[in-house]
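Dear colleague,

I am passing on the structure we spoke about, and below it you will find my notes on what turned up when I went through it. Please read them alongside the coordinates.

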Amino acid sequence: MKITQINLRHLRMTLRTPFETSFGRSESRDCILIKAHAGDLVGYGECVADAEPGYSYETVQTAWHIIQDYLAPAMLSQDIRAPQELQERFGFVRGHPMAKAGLEMALWDLLGKREGRSLREMFGGTQERVSVGVSVGLQASPGALVEVVGGYLAQGYRRVKIKIKPGRDTGDTLAVRQAYPELRLQVDANSAYRLETAQALHQLDDLNLLLIEQPLAEDDLWDHSQLQKRLRTPICLDESILSARHARQALEMNACRVINIKAGRVGGLSEGLAIHNLCRERGVPVWCGGMLETGVGRASNLALASLPGFTLPGDISASERYYLEDITQERFTLNPDSTIDVPGGPGLGVSLEPAALERATLAELSIP
Ligand code: OSB
Ligand code: MG
């Protein structure tokens, strides 16, 4: 596969409702849409770095720079046979996993289109529809949160994740648990606690949660292992896991019992597959995290989540949960059993909606 041109678009997507986490509140979501050209084929990729460095140090601007000046030149005009080979070419760039992952996604899409195979087929995914849930941001009050959660339950979601932070943890979670005693419920702190301030998390231990996601700092596997010893509820790591090596180390030190896999965070789908394989061998459940992706990234997440080790519902909600106007022609909808169908077309199996794409574009660049 010889890629001759790479096109970048900085997109700003207006969220249907603002999304608030322990690291901030946003009304829109930025990303970079990548088009990689090879002969008559075009592969799409989504770089999930956001406008601000809240979830990770990467931003649209850092990813733009790293892609433009380092990664794209390493990807262009040379024969690339497989994603692993692309990662070897990227090896001289330290870090910047989201920038790398966006380009790797475009390569997977191209390879699938050339072979007439879907990403699910290429990965060996076994599920044609995957179990999903919804991630609900911080709301004005516990009462408002219960109402928002109720709205999603009415739409058919059977697993809910709520965001927590210090001061907005026990009260919010208890309110949802009391309103919905049987709900499959989990919480995500996005690194907002320290071991010394984790007292509130002990109260959550009695609320029958599926898991507590990323309570402590992203660079702190050790204190997660200390905290996990004191909790019955499984800790799930998100921000802390940047590679299959981290995943192995986290499991070996019992820093978590569940792993959230996001291709963007770990540098690409191939590393995501490696984490899945490692966890499957060890009987550790994984699930597919989300980054408020457009339809392009959503298709990629669905393909990844079709692998057999993804035994917990993913943060992959229907298109209409996120944006008034998405950039793909395909719209992902929720089935009555809280699943979403995995695309079956070649590659990612999505096509773009040119007018919507134009309206979302803030900047564009073609390399070369
Ligand atoms: O921590 O899982 C997270 C969104 C942006 C950044 C980080 C996270 C999230 C979500 C939303 O929780 C998941 C989704 O529905 O895409
Ligand atoms: Mg998370």
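Asp-188 has a relative accessibility of 0% and therefore counts as buried, the limit for that label being under 20%. The model is a predicted one, and the values that follow should be read with that in mind. Asp-238 likewise counts as buried, at 0% relative accessibility.

Both of these residues belong to the metal site, where the magnesium ion (ligand 2) is coordinated by Asp-188 through OD, by Glu-213 through OE and by Asp-238 through OD, at 2.1 to 2.3 Å. Along the chain, the donors of this magnesium ion follow the spacing D-x24-E-x24-D. Because Asp-188 lies in strand S7 (residues 184-188) while Asp-238 lies in the loop between strand S9 (235-237) and helix H9 (244-252), the pair ties together parts that are 50 residues apart in sequence.

Asp-188 also appears in the surroundings of the other ligand: of the 15 residues around ligand 1, those that come nearest are Ser-135, Asp-188, Asn-190, Leu-292 and Tyr-322. The residues of that shell divide into 5 nonpolar, 3 polar and 7 charged.

Which side chains place an N or O atom at 2.9 or 3.0 Å from an oxygen atom of ligand 1? For Ser-135 the distance from a side-chain N or O atom to an oxygen atom of the ligand is 2.9 Å, and for Lys-161 the corresponding distance is 3.0 Å. Lys-262 also takes part, with a polar side-chain atom that lies 3.0 Å from an oxygen atom of ligand 1. On its own, ligand 1 has 390 Å² of accessible area, and the protein covers 97% of it.

Lys-262 deserves a few words of its own. This residue is found in the loop between strand S10 (258-261) and helix H10 (269-281), and with a relative accessible area of 6% Lys-262 is buried, since the label applies under 20%. Its side chain is also joined to that of Tyr-55 by a polar contact of 3.2 Å.

As for the chain as a whole, its secondary structure comes to 13 helices and 13 strands, and 61% of its 368 residues count as buried. The C-alpha trace spans about 55 × 40 × 35 Å along its principal axes. The radius of gyration of the chain is 20 Å, which agrees with the value near 21 Å that a compact globule of 368 residues would have.

With best regards

Key. Residues are numbered from 1 along each chain as its sequence is written. Chains are lettered from A and ligands numbered from 1 in the order in which they are written. This is a predicted model: local features need pLDDT of at least 70, side-chain atom pairs count only at pLDDT 80 or more; totals for chains, interfaces and linings use all residues. Side-chain values use heavy atoms; hydrogens and water are left out. A residue is near a molecule or strand if one of its heavy atoms lies within 4 Å of it. A polar contact is a pair of N or O atoms within 3.5 Å; within protein, one must be able to donate a hydrogen and the other to accept it, and residues adjacent in sequence count only if both atoms are side-chain atoms. Accessible areas come from the Shrake-Rupley method with a 1.4 Å probe; for residues, only the protein chains shown count as cover. Ala, Val, Leu, Ile, Met, Phe, Trp, Tyr, Cys and Pro count as nonpolar, Asp, Glu, Lys and Arg as charged, and the others, Gly among them, as polar. Donors are N, O and S atoms within 2.8 Å of the metal (3.2 Å for Na, K and Ca); water is not among the atoms, so sites may look incomplete. Helices (H or I, at least four residues) and strands (E, at least two) are DSSP runs, numbered from the N terminus. Buried means under 20% relative accessible area, exposed over 50%, partly exposed in between (1.4 Å probe, protein chains only). The radius of gyration is taken over C-alpha atoms; the globule rule is 2.2 Å times the number of residues to the power 0.38.
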